[in-house]
Every structure is written in C-alpha cells, then in structure tokens.
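Me: I'd like a close look at one single part of this structure. Could you pick a strand and walk me through what surrounds it?

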Amino acid sequence: MSYQQYQPYTPVDDRYNKMTYRRCGRSGLKLPVISLGLWHNFGDITTFGVQQKILRTAFDSGITHFDLANNYGPPYGEAERNFGEHMKRDWHTYRDELVISTKAGFGMWKGPYGDNGSRKYLIASIDQSLKRMNLEYVDIFYHHRPDNGTPIEETMGALYDIVKSGKALYAGISNYNPDQTRRAILYMKDMGMHMLIHQPNYNMFNRSIEHGLIDVVREEGVGIMAFAPLAGGRLTGRYLNGIPEDSRAIHDPRFLCASDINEELLKTIRALNAVAERRGQTLAQLALVWTLRNPVVTSALIGASKPEQVAENVKALDNMNLSEEELNEIDAILANR
Ligand SMILES: NC(=O)c1ccc[n+]([C@@H]2O[C@H](COP(=O)([O-])OP(=O)(O)OC[C@H]3O[C@@H](n4cnc5c(N)ncnc54)[C@H](OP(=O)(O)O)[C@@H]3O)[C@@H](O)[C@H]2O)c1
C-alpha cells in the first residue's frame with residue numbers, strides 16, 4: 001500500500017447530532033445505530049485515499065465505531081495495518097471518541113496455533129492486532145466463531161484475561177448459535193464478567209437469529225452488532241440495473257459473485273425497492289431501518305466501498321418508523337423468495 005501525503009482533517013462539529021446511539025445491552029456503552037466494518041475495501045485493493053474518505057465521512061456522520069478482525073484484508077492483517085496508518089494520521093487525537101473492535105477465530109497464520117479458540121491463539125492474536133493498528137487497547141475483542149474443539153472455559157478464560165490485562169475493554173462473541181451463546185455468557189458471568197455483545201449475521205435475507213438467539217441475548221442483557229445488514233450489497237440499489245464493474249460481485253467475488261445476481265434475486269429486490277421508494281428511501285436505507293426495527297439490535301454493521309454510500313446509509317435515520325402494513329408487505333415479499 002502506498003500512503004499519500006497527509007491532508008489535515010478536522011471533523012465537523014455537529015457530528016453527534018446526526019446519529020442515534022443505543023445502549024449495548026445491559027452495559028454503560030452506547031454505540032451508533034450504524035457502525036462501519038473494514039472487512040472489504042481496507043486491504044490492498046482500495047487506495048489509501050478512498051479508505052481515508054470513507055472513515056472521515058463515517059466519523060463526520062456520527063459513526064464512532066469501526067470494526068476489524070485479524071484476517072481482514074486482503075492479504076490477512078492488511079486492513080489492521082492500514083487502519084494503523086489511518087490511526088496515526090487522523091484518529092490518535094480522537095481515540096477516546098472511538099470504539100474500535102477486532103477479532104480472532106478464523107485461520108490467520110500457519111501451524112496449529114493460528115486458528116480456532118485456544119488461549120495460545122487468542123492472546124498471540126490480540127498482541128499482533130494491537131501492533132498492526134498502533135493501539136494500546138481495543139474497545140471490544142471478539143472470539144470470531146465458535147470452536148467446539150476447545151473447551152468453552154479456555155476460550156472464555158482467554159477473553160477474560162485479555163480484558164483484565166487492559167488489552168481490550170469489553171469481550172464479545174460472533175457467529176455463536178443460541179446454545180453456544182448461553183454457555184459462553186454463563187461462563188463469563190461465573191468469572192464475574194459481563195459479555196458485552198454478540199456479532200451475528202442479520203438482514204432481510206438471513207433471519208436465523210430470530211429463532212432463539214435474540215431471546216438469549218435479550219434475557220442476558222447482551223447487545224447485538226448485526227453484520228452485513230445490506231447482504232453484501234444485494235439489499236441496495238447496486239444491482240437493480242445490471243452488475244457494475246466496480247461492485248463487489250465483480251472486483252472482489254470471494255463471498256458474492258455475478259452468478260448470485262440472478263432473476264430470482266432481482267425480482268425480490270425490485271419488490272423491496274418499490275416499498276422503499278414509497279417511503280421516500282433507497283433500498284439500502286430501508287434494509288437498515290428494517291434491521292434496526294427491534295431495539296435489541298444495538299447497531300447495524302455496514303461496509304462501504306465509497307464515502308457516498310456511507311452518507312446515503314446514514315440518511316436512513318431520517319425515517320426510522322416502519323408501519324405494520326409495510327412490515328407485513330416486506331414479510332410477504334421475503335416469503336415469496
Ligand atoms: N463476524 C463476522 O463473521 C463477519 C462476517 C462478515 C462481515 N462482518 C462485519 O460486517 C461488516 C460489513 O459487512 P459487509 O461489507 O458484507 O456489509 P454490507 O453492509 O451488507 O455490504 C456492504 C456493501 O454493500 C454495498 N453498499 C453499501 N452501501 C451502499 C449503498 N448505499 N448503495 C449501494 N451499495 C451499497 C457496497 O458494495 P460495493 O463494494 O459493491 O460497492 C458495500 O461494500 C464487515 O466489514 C465486518 O466488519 C463480520
């Protein structure tokens with residue numbers, strides 16, 4: 001990555017008037033209802049200047065939370081390394097206004113100690129992440145995915161010690177099912193620590209958390225960081241009129257490719273787009289309002305390849321109410337998929 005010459009940055013004064021902040025479960029931490037993830041577009045594919053504009057637009061819109069993981073890139077680690085450079089340039093002065101998270105749990109380095117949920121992996125990984133990001137601590141450290149091969153006591157014990165050591169302020173889990181979630185929360189509780197947050201996939205196309213997980217986190221006072229609320233771009237206007245050359249489906253088809261944009265998808269997103277238009281919103285804005293309709297969802301964790309997308313998405317807050325009729329109409333469209 002080549003770093004451009006530094007262009008000084010002063011955030012806009014009224015940024016906190018533009019955002020709504022929700023309390024994260026039973027905790028003292030408030031999070032913006034829209035958070036920004038650095039999974040795509042912060043590796044070596046996107047220029048440093050575009051990354052900088054995306055981050056600045058987000059913060060100027062009141063987005064105080066940036067989400068990373070050890071393996072975000074490509075290549076692995078590159079998003080954290082680039083964020084470390086952004087940190088030095090733009091964000092060191094604003095560190096106390098930001099909530100920065102990272103994770104470990106997927107394969108990160110070779111050999112038996114760079115994957116899954118062992119204490120050996122998690123503690124080495126947080127140390128590496130802090131170095132790459134030029135940080136003394138992260139606000140939230142997540143175990144990225146459940147690991148049935150490691151006793152839950154070991155994984156939760158590592159999260160507990162990472163928080164106790166001051167390398168993270170809060171602990172979280174991601175992609176855990178309802179049973180795994182309850183067990184993890186209870187182990188943390190036994191040690192005297194509250195699990196802050198769960199990060200599951202949640203959007204109109206994946207409603208699996210409505211079958212058990214939401215009940216568990218609500219009962220236990222744990223927040224939800226709903227990742228990929230736009231289904232990687234499918235729940236936006238991106239693919240309504242063809243597949244643009246600069247879209248994820250073309251330039252980074254690791255998880256969404258051109259063949260996913262089929263007639264069946266188009267029929268659904270055209271119908272959802274008609275609901276959005278009647279509300280005076282874009283499809284992306286409607287998808288965010290829908291994801292946030294239940295207050296147990298603390299925040300919708302978006303990605304963006306352009307600053308304009310962030311600006312458009314934040315305008316979802318102008319109309320956050322969904323009527324019973326609109327919800328029923330959306331349910332009917334989704335049931336027909
Ligand atoms: N815990 C986990 O296992 C896990 C897994 C996946 C993601 N995540 C987290 O969730 C974050 C978001 O994931 P995601 O990027 O898949 O989320 P997403 O918000 O569902 O999709 C983001 C993509 O949608 C498109 N987009 C966004 N706003 C748009 C707009 N207004 N108009 C048109 N297109 C728009 C862009 O695609 P184009 O690139 O085509 O412009 C953008 O890259 C990640 O960065 C990561 O932090 C966590």
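Reply: Here is a walk along strand 9 and its neighbours, with a word on the ligand shell at the end. Residues are numbered from 1 along each chain as its sequence is written. The model is predicted: local features need pLDDT of at least 70, side-chain atom pairs count only at pLDDT 80 or more, and totals for chains, interfaces and linings use all residues.

Strand 9 covers residues 223-227 (strands are DSSP runs of E, at least two residues, and helices are runs of H or I, at least four, numbered from the N terminus). Five of its five residues are buried, so the strand is largely enclosed by the rest of the structure. Buried means that 20 or more other C-beta atoms, placed from the backbone, lie within 10 Å of the residue's own. Gly223, Met225 and Phe227 point one way, while Ile224 and Ala226 point the other.

Now the pairing, which takes at least two DSSP bridges between two strands. Strand 8 (residues 197-199) runs parallel to strand 9, with two bridges joining them, and His198 has Ile224 as its bridge partner. Strand 10 (residues 297-302) is also parallel to strand 9, through four bridges; here Met225 is partnered with Ser299.

Finally, the ligand. Its shell holds 30 residues (C-beta atom, placed from the backbone, within 6 Å), and Gly37, Trp39, Leu230, Gly233 and Gly303 come nearest. Strand 10, the partner of strand 9, is one of the elements giving two or more residues to that shell.

Terms used
A residue is buried if 20 or more other C-beta atoms lie within 10 Å of its own, exposed if 12 or fewer, and partly exposed in between; C-beta atoms are placed from the backbone.
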